[in-house]
Amino acid sequence: MHELILLRHAEAVPIEASGDGDQQRPLSRRGEQEAQAAGLWLATHKLRPDRVLCSPTRRTDETTRLALAAIDNAPVPQPAEEIYDASPGELLALLDQHNDADTVLLVGHNPGIERLVALLVEGRSDEFRGMPPGALAVLHLNGSLEPGNARLDAFWSP
């Protein structure tokens with residue numbers, strides 16, 4: 001893997017408004033716009049993943065679907081149960097299983113996503129700066145998938 005794109009799910013409706021619990025919360029209208037904007041940003045910057053890993057929640061599924069709609073010949077997303085409520089170490093273990101892909105897009109949740117960015121770039125997961133809903137981080141890996149072994153090439157948020 002040479003490039004890793006991390007996308008935090010876009011804004012979801014509050015748990016109280018969904019009535020179905022955390023895993024079934026849909027995107028808000030604003031969240032739908034954020035997800036579409038993230039996809040347009042990826043397409044404009046000619047970033048096309050070879051593999052897409054997505055948390056199994058409704059909000060990450062909707063974010064993924066809306067973002068990938070802007071990318072020609074986007075791969076079919078692969079649901080990955082491990083992403084939901086994952087630590088940076090658990091996310092690294094999952095990504096290590098997909099090291100054969102050149103560019104991976106992982107769609108997930110905070111705090112795991114923002115801590116993974118910090119771990120890969122800074123070498124420590126306690127140095128995270130935050131990733132708002134719908135934000136993207138594009139990392140270039142300098143060899144293996146290890147702490148401190150990545151460069152943050154781009155950061156975008158709606």
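**View 1. Order of helices and strands along the chain.** In this predicted model, the elements run β-α-α-β-α-β-α-β-α-β-β along the sequence. The radius of gyration is 14 Å, close to the 15 Å that the globule rule gives for 158 residues, so the protein is as compact as a globular protein of that length. The secondary structure comprises 5 helices and 6 strands. The C-alpha trace spans about 45 × 35 × 25 Å along its principal axes.

**View 2. Contacts, surface and charges of the whole protein.** Of the 158 residues, 50% are buried. Take the contacts between residues at least 6 apart in sequence: 68% of them join residues at least 24 apart. The exposed area is about 7600 Å². Carbon and sulfur atoms supply 45% of that area. The protein carries 14 positive and 24 negative charges. The mean positions of the two sets lie 5 Å apart.

**View 3. Helix H3 and its packing.** H3 covers residues 58-68. The helix is mostly covered, with 8 of its 11 residues buried. These are Arg 59, Thr 60, Glu 62, Thr 63, Thr 64, Leu 66, Ala 67 and Leu 68. The buried residues pack against two strands listed here by range, S2 (51-54) and S4 (103-108). They also pack against S1 and against helix H2 (29-44).

**View 4. His 9 and its surroundings.** His 9 sits in the loop between strand S1 (3-8) and helix H1 (15-18). Its relative accessible area is 7%, under the 20% cut-off, so His 9 counts as buried. The side chains of His 9 and Arg 59 form a polar contact of 3.3 Å. Arg 59 is itself one of the buried residues of H3. Leaving aside residues up to four places away in sequence, His 9 touches Arg 59, Thr 60 and Thr 63. Thr 60 and Thr 63 are also among the buried residues of H3. Beyond these, His 9 touches Gly 108, His 109, Pro 133 and Gly 134. Gly 108 falls within strand S4 (103-108).

**View 5. Val 76 in the loop after H3.** Val 76 belongs to the loop between helix H3 (58-68) and strand S3 (78-79). With a relative accessible area of 69%, over the 50% cut-off, Val 76 counts as exposed. Val 76 and Gly 108 are 32 residues apart along the chain. Their C-alpha atoms are separated by 16 Å. Gly 108 is one of the residues that His 9 touches.

Technical notes: Residues numbered from 1 in each chain as written. Predicted model: local features only at pLDDT ≥ 70, side-chain atom pairs only at ≥ 80, totals over all residues. Heavy atoms only, no water. Helix = DSSP H or I, 4+ residues; strand = E, 2+ residues; numbered from the N terminus. Rg over C-alpha atoms; globule rule 2.2 N^0.38 Å. Buried < 20%, exposed > 50% of the residue type's maximum accessible area, 1.4 Å probe, protein only. Contact = heavy atoms within 4.5 Å. Areas by Shrake-Rupley, 256 points an atom, 1.4 Å probe, with all protein chains shown as cover. Lys, Arg positive; Asp, Glu negative; His and termini not counted. Charge placed at Lys NZ, Arg CZ, Asp CG, Glu CD. Polar contact = N/O pair within 3.5 Å; in protein donor to acceptor, adjacent residues only side chain to side chain.
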